[in-house]
Every structure is written in C-alpha cells, then in structure tokens.
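Welcome! Below are some exercises to work through at your own pace, each followed by a worked solution. Take a look at the structure before you start.

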Amino acid sequence: MADEATLFIETEHPIDFTVADATAILKGAVLQLNDPFTAIAPSATSGMVAGIAAADKIASDGVTKLAVYRGGVFRMTASGSITAGDPVRLVIGSNRVDSAVGVLTLSGSRILGTSLETATNGQTFFVELRPSFGFVAV
C-alpha cells in the first residue's frame with residue numbers, strides 16, 4: 001500500500017477490533033469504525049475513525065480480530081496543505097490525510113488526530129493519532 005501510516009512513537013497499546021475474515025488489511029491502513037466494535041476499510045471521508053492497523057490481515061485466513069492503534073505519533077502523507085496544529089481527516093482511497101479546517105463541520109469521531117508539523121501535498125509529516133478528540137466548526 002502506498003502512503004501507509006508508520007508508527008513513530010507508541011503512546012498506547014493497540015486494541016483488538018473485529019474485522020471481516022474475507023477482508024485484507026495492510027499494516028498502517030487507516031480504518032473506519034463500524035458497529036459493533038468493528039474496523040472496516042473507509043467508505044467515506046467523513047466516516048468515524050477506528051484507528052490505524054497495527055499489523056497485516058490476510059484475506060480469508062480465518063482471523064476476525066486485528067490490533068488497531070487509537071493513539072500514538074505516526075508519520076503520514078499529506079493531501080493538500082496542512083498547518084501544524086490542524087485537525088486532520090482521512091482522504092478516501094489514498095490513506096493520505098488532509099486538514100479538516102474550513103472543509104466541513106466534523107464531530108471529534110471523524111477527526112483522525114492533530115498535525116504536529118506543516119506539510120504540503122505529498123510530503124510526509126507527523127500526526128498525533130487521537131480519534132474522537134476535538135471539534136471542527138466552520
């Protein structure tokens with residue numbers, strides 16, 4: 001996978017989420033929260049954030065649990081311009097992140113975390129993963 005998130009500082013242990021047996025998930029993929037306590041491939045830019053996959057999941061391997069980080073500092077790839085301190089959100093289909101400032105009103109559950117550096121399109125930078133933390137209003 002291009003643009004996978006890479007763990008830089010582990011601040012929390014990953015927790016197990018339910019995943020579909022038939023689904024392949026790559027380490028470093030940003031995942032969307034689905035009910036009940038399930039992580040899925042993102043289907044919407046404004047989807048609720050589950051976290052970042054801590055390991056690979058092979059399709060149809062019989063495994064239905066996957067460790068998912070919900071905290072930590074990750075190196076990620078920017079989509080567009082991002083300023084240090086901006087809340088960031090997932091960009092669907094790319095595993096890149098974009099600034100959530102001025103884009104749309106998002107509850108904290110749709111915010112991936114906070115940018116720790118300024119970055120432009122295609123650059124890697126540090127993001128503090130903290131889903132459900134913060135609120136963006138336009």
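## Exercises with solutions

Pro36 sits in the loop that links strand 3 to strand 4 (38–40). Keep in mind that this is a predicted model.

**Exercise 1.** Find out what is special about the backbone in the loop between strand 3 and strand 4.

*Solution.* Start with the peptide bond that leads from Asp35 to Pro36: this bond is cis, and its omega is near 0 degrees. Next, move to Phe37, which is found in that loop too. Phe37 has a positive phi, near 45 degrees, although this residue is not a glycine.

For a second case, go to the loop between strand 5 (49–53) and strand 6 (65–69), where Ser60 lies. The phi of Ser60 is also a positive value in a non-glycine residue, near 55 degrees. Ser60 has a relative accessible area of 55%, so Ser60 is exposed.

**Exercise 2.** Describe the secondary structure of the protein and trace its sheet of 6 strands.

*Solution.* Begin by counting: the protein has 11 strands and 0 helices. The sheet in question is open, its pairing is antiparallel, and its strands come in the order 1-7-11-10-8-9. At the edges are strand 1 (6–9) and strand 9 (96–99), each of which pairs on one side only. On average, neighbouring strands in this sheet are turned by 45 degrees against each other, with direction ignored.

Now look at two of the pairings:

- Strand 7 (residues 72–77) runs antiparallel to strand 11 (residues 124–129), and 6 bridges join them. Here Met76 stands opposite Phe125 of strand 11.
- Strand 8 (residues 87–91) pairs with strand 9 over 4 bridges, again in the antiparallel sense. Val88 has Ser99 of strand 9 as its bridge partner. The two strands make a hairpin with 4 residues between them, and Gly93 in the turn has a positive phi of about 80 degrees.

**Exercise 3.** Classify the aromatic pair of Phe8 and Phe126, then say which parts of the chain this pair ties together.

*Solution.* A search of the whole structure gives 3 aromatic pairs. In the pair of Phe8 and Phe126, the ring centres are 4.4 Å apart and the planes meet at 40 degrees, so the pair is tilted. Phe8 belongs to strand 1 and Phe126 to strand 11, so the pair ties together parts that lie 118 residues apart in sequence.

Are these two rings buried or exposed? Phe8 has a relative accessible area of 52% and is therefore exposed. Phe126 is at 15% relative accessibility, so this residue counts as buried.

Compare this with Tyr69 and Phe74, whose aromatic pair is edge-to-face, with 5.6 Å from centre to centre and 65 degrees between the planes. Tyr69 and Phe74 are both buried.

**Exercise 4.** Locate the largest cavity and describe its lining.

*Solution.* First, the count: there is 1 cavity of 30 Å³ or more. The volume of the largest cavity is about 60 Å³. Next, look at the residues around the largest cavity, including Val30, Leu31, Gln32, Leu90 and Arg110. Strand 3 (residues 30–34) gives the largest share of the lining, with 3 residues. Finally, sort the lining by type: 7 residues are nonpolar, 3 are polar and 1 is charged.

To finish, step back to the whole protein: of its 138 residues, 40% count as buried.

Technical notes:
Residues numbered from 1 in each chain as written. Predicted model: local features only at pLDDT ≥ 70, side-chain atom pairs only at ≥ 80, totals over all residues. Heavy atoms only, no water. Pairing = 2+ DSSP bridges. Axes fitted to C-alpha atoms, helices over the stretch in contact; angles between N-to-C directions. 1 Å grid on protein atoms, 1.4 Å probe; cavity = no way out; pocket = protein on both sides within 12 Å on 5 of 7 lines; lining within 4 Å. Points joined across faces, edges and corners; volume = space filled by probe spheres on them. Nonpolar A, V, L, I, M, F, W, Y, C, P; charged D, E, K, R; others polar. Phe/Tyr/Trp six-rings, centres within 6.5 Å; stacked < 30°, edge-to-face > 60°. Buried < 20%, exposed > 50% of the residue type's maximum accessible area, 1.4 Å probe, protein only.
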